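Subject: Structure handover

Hello,

Here is the structure I said I would pass on. Please open it alongside this message, as the notes below refer to residues by number and chain.

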Amino acid sequence: MLAPRRPSTAIMSDTPSASLGPSDELPGDAANDAAGQPAHVILLGIPNTGKTTLFNRLCGLRHKTANFPGTTLESRIGSVKAEAGTLRLDDLPGVYSIELNQHEARVCRETLEGSPDAVCVVLDATSLPRNLQLLGEVLRRRLPTVVAINMIDLARRRGIAVNTEAMEAELGIPVVAISARSGEGIDRLTSAMTNPRYARTTMPSDADGERAWVDRLAQVAEADTATLDDTLTDRLDRAFTHPVLGIAVFAIVMTGVFWALFRLATIPMDFIDSMFGQFGAWVAGVLPEGLITSMLVDGVIAGVGGAAVFLPQICLLFFLFSLLEDTGYLARATFVVDRLLRPFGLPGHAFIPLLSSHACALPGIMAARAIPDRRERIATILVAPFMTCSARLPVYVLLTTLLFRDRPALAALAFTGCYALGALAGVFSALLFRRTILRGEGRPMALELPSYKQPSVRDALMSAWDRGLVFAKNAGSVILAISIVLWWLAAYPVSQPSVGSVVLTQGASMVAESQPEHAEELIAQAKALDATAQLEHSFAGILGHAVEPVMSPIGFDWRISIGVLSSFAAREVFVSTMAVVFTGEDDIEGAGVFERIRDAKRDDGVTPVITRATAWSLLVFFVLAMQCLPTLVLTAREAGGWKWAGLQFVWMTGVAYGASLITITICHAAGVT
Amino acid sequence: MRSIMMEPILMEPILATTSNPTASFPVGDWQFWVVTLVFALAIAWLCWNVLPLRQIFRKGRSAPKRTVLTVEGERPDSRAKDH
Amino acid sequence: MATLPETTTRRIVPLTQLKRGDRGVVSEARTDDESKALLGAMGLRANEPIRLCRHGEPCIVMTGACESCRIGLTRRLADRVFVEVAM
């Protein structure tokens, strides 16, 4: 039975077990028989007690990411298989105290007031005394409780003993020593969770009483005499936070992360890209020709593929972050970065969001939740998209190749310059915001420095999985919808074959037998003409023409404008749109496509569409412009209002336009054509 | 000379004449209506989820007093029938 | 509760005036209420013994009688945390 046993002196309260409905509510949930009613357990603990590892071990993949309504605070709900049945486990955010005025603490309080069936408080065996305050606060709530003393293996290695039996006798609730990492004690914990009890002692509410209670409990647990030998930790801390050495170590670590992102991740990225391409071709071959097939292949599959291609980078990034955090290094690095970012009004915590944004701003902005100060958090969210994300890379490649055809060294330099431009624009924009609309002294940083330990690959994999799933859901749906919209706008209204293409087609049919290769060439040219004409007369083309007056000062004609407009939905679409606009084919790597883009002429037939000056202007524009609808949506959600998303869009696009204008003016003045 | 129409590149165009501008939409093709419906749904979904219409229409709903974790907007046990 | 021997002279100084290895007892954190509550919950509460591990930016202290927690603070914050030390 899962009903908690209560001491006779306690007030009988009605806490009905929360039962789940149909057994397919939680992932992996087996059918429950009538005897075992699933119960609702809350997992609570201070940060760095291995709560995440414990949750992963108890639930594995059987969990979902959940949200506290009305907040951006995320949490996980999982299901635990116990002997008596299945438990629902809610993982609450780690807090040092539930009585704080913090958002996370408030949410924990409210969840506890929702009368869960049981609470499992996770404590750190290697530093028990500081955990006991939270335990006392939880016990004050008079809920059935279980205590899990985690990292018992680590404690043993350090010669720290914890007397769990004495604690259990003192408190009257189950106290189980476990190691979430190795699995020790987990079975005893799950069965204890099905038999939680009300504590027989509660912590007094005055400060002195609290101290006395905590001290007594520490004494009982015999955890008040252990000391850590931490000379190695001290030395490492000093090295990692050293003004010079610390930055050097940080630079090395970051180089490693970037290398992994842009070398290692390209392997699965290319695979996904080709897989979707082949899938699209297969579907086109299998299904009958028609509009629906066309929408499926060119709209849906291309769109979903375009989003899916970023998954490897995001998963790899969060895999590495989890490993780094687990080792304990990340907390020290936060102080190093804090010194670098403080002059710009950003805290050390901003480094993960800003770094993640180099892969994709979406996980970066979500990571900004870790920033405690509201103004600093909003500033980080606003400028995160300035960091060059992977979607911009195909555009950079196209333009730098156009500019530096045979000089790869210069192209690489320009590439790096783009990254630098984005980052600088970001931090200086942050500085501006923090001096104007987000003015205020930042919160001084106090961070717990966990002990150094071996990272858990399993936790890192779980983190990568979770983040990837969130990205796929958030971004994927928006990008899919946008792809469909773009497809339709480019397809309608339908234009009839132009005179030129009809002539070419007729010519092809005339030489079809005598010169079959020439005939094929003519047909290809006819198709190209038709495709470009189609794009020009479609709604997308009409829009392109409409914005041309605004775009021409920075060197964009209507063709480029179509590309820029459509890339507001997804940046990488620019390259394939340019290919279609100029050549009728959407594969930039097709034979001659790149050359045709380079040689394409404007409406006067003489000036090239993409002059060198235009290419520079385009490059600068793409570095700085806000061209990502999913990011805008997320900004609105995370910063708490559409005014922030609006500001982000206007500011970034304004900066981009201004910078492009300056670029093209300089180019013309310097005689660059 | 017969003009040979090669197979359609994107879709079957219907010849448009100046007196019949709507002929540039293949209204006779049932598939056109399907894709246009999907297009309309996509726009509607974007507007509802992306633009702040939802916030405007939802004004007046009071916040829940107790905090309960939700998955995709629903309580995981919301479908349980109370006994 | 740790206290220093009654016979030694005590003075109250901010953390930034301690050197590596110095021990003391937290007196108070002169910051806003929210930060004070958070620091207290992390382990920097009144009468809590501390040992300084690193001076400067960041300032690293070990808290607790059994030195169970290591906390890093920016210098600005360390300036506002006052501890009682023996002369």
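Does M62(C) count as buried or exposed, and what is its relative accessibility? The place of this methionine is in strand β4 of chain C, which covers residues 59-63. M62(C) counts as buried, because its relative accessibility is 2%, and the cut-off for buried is under 20%. Between the C-alpha atoms of M62(C) and R45(C) there are 13 Å, and along the chain the two are 17 residues apart.

Before going further, please keep in mind that this is a predicted model. The scores for the model are ipTM 0.89 and pTM 0.81.

Confidence by chain

For chain A the mean pLDDT is 83, with 91% of the residues reaching 70 or more. Residues 1-37 of chain A have a pLDDT below 50, and this stretch has 67 contacts in the model beyond near neighbours in sequence. For chain C the mean pLDDT is 84, and 85% of its residues reach 70 or more.

Chain C

Chain C holds two helices and six strands. Read from the N terminus, their order is β-β-α-β-β-β-α-β. The chain has 87 residues, and 55% of them count as buried. Among contacts in chain C with a separation of 6 or more, 61% join residues 24 or more positions apart. Its accessible surface is about 3,900 Å², and carbon and sulfur atoms account for 49% of that.

Helix α1 of chain C takes in residues 33-42, and the buried residues in this helix are S35(C), L39(C), G40(C), A41(C) and M42(C). Which elements cover them? From chain C, the cover includes β2 (23-29), β5 (69-73), α2 (75-78) and β6 (81-86). Chain A also contributes, through β8 (446-448). Just after the helix comes G43(C), with a positive phi of about 135°.

Chain A

Chain A has 673 residues, of which 57% are buried. Its secondary structure consists of 28 helices and eight strands. The C-alpha trace spans about 100 × 60 × 40 Å along its principal axes. Of the contacts in chain A with a separation of 6 or more, 73% are between residues 24 or more positions apart.

On the surface side, chain A exposes about 27,100 Å², with 61% supplied by carbon and sulfur atoms. The chain carries 55 positive and 64 negative side chains, and 7 Å lies between the centres of the two sets.

Three residues of chain A

The first is H40(A), in strand β1, residues 39-45. H40(A) counts as buried because its relative accessibility is 13%, the cut-off being under 20%. Which side chain does the side chain of H40(A) meet in a polar contact? The partner is the side chain of D90(A), at 2.6 Å.

The next is I46(A), which sits in the loop between β1 and α1 (51-59) of chain A. With a relative accessibility of 3%, I46(A) counts as buried. Apart from neighbours within four places in sequence, the residues in contact with I46(A) are G94(A), V95(A), Y96(A), V122(A), R130(A), N131(A) and L134(A). V138(A) is 92 residues from I46(A) in sequence, and their C-alpha atoms are 12 Å apart.

The last is R467(A), in helix α19 of chain A, residues 457-491. Is R467(A) buried or exposed? R467(A) is buried, since its relative accessible area is 18% and buried means under 20%. Its side chain makes a polar contact of 2.6 Å with the side chain of E74(A). Leaving out residues up to four places away in sequence, R467(A) touches E74(A), F318(A) and M366(A).

When you look at the model yourself, the low-confidence stretch to bear in mind is residues 1-37 of chain A, where the pLDDT is below 50. The buried residues of α1(C) are a place to view both chains together, as their cover includes β8 of chain A as well as elements of chain C.

Regards

Conventions. Residues numbered from 1 in each chain as written. Chains lettered and ligands numbered in written order. Predicted model: local features only at pLDDT ≥ 70, side-chain atom pairs only at ≥ 80, totals over all residues. Heavy atoms only, no water. Buried < 20%, exposed > 50% of the residue type's maximum accessible area, 1.4 Å probe, protein only. Helix = DSSP H or I, 4+ residues; strand = E, 2+ residues; numbered from the N terminus. Contact = heavy atoms within 4.5 Å. Areas by Shrake-Rupley, 256 points an atom, 1.4 Å probe, with all protein chains shown as cover. Lys, Arg positive; Asp, Glu negative; His and termini not counted. Charge placed at Lys NZ, Arg CZ, Asp CG, Glu CD. Polar contact = N/O pair within 3.5 Å; in protein donor to acceptor, adjacent residues only side chain to side chain. pLDDT = per-residue confidence, 0-100.
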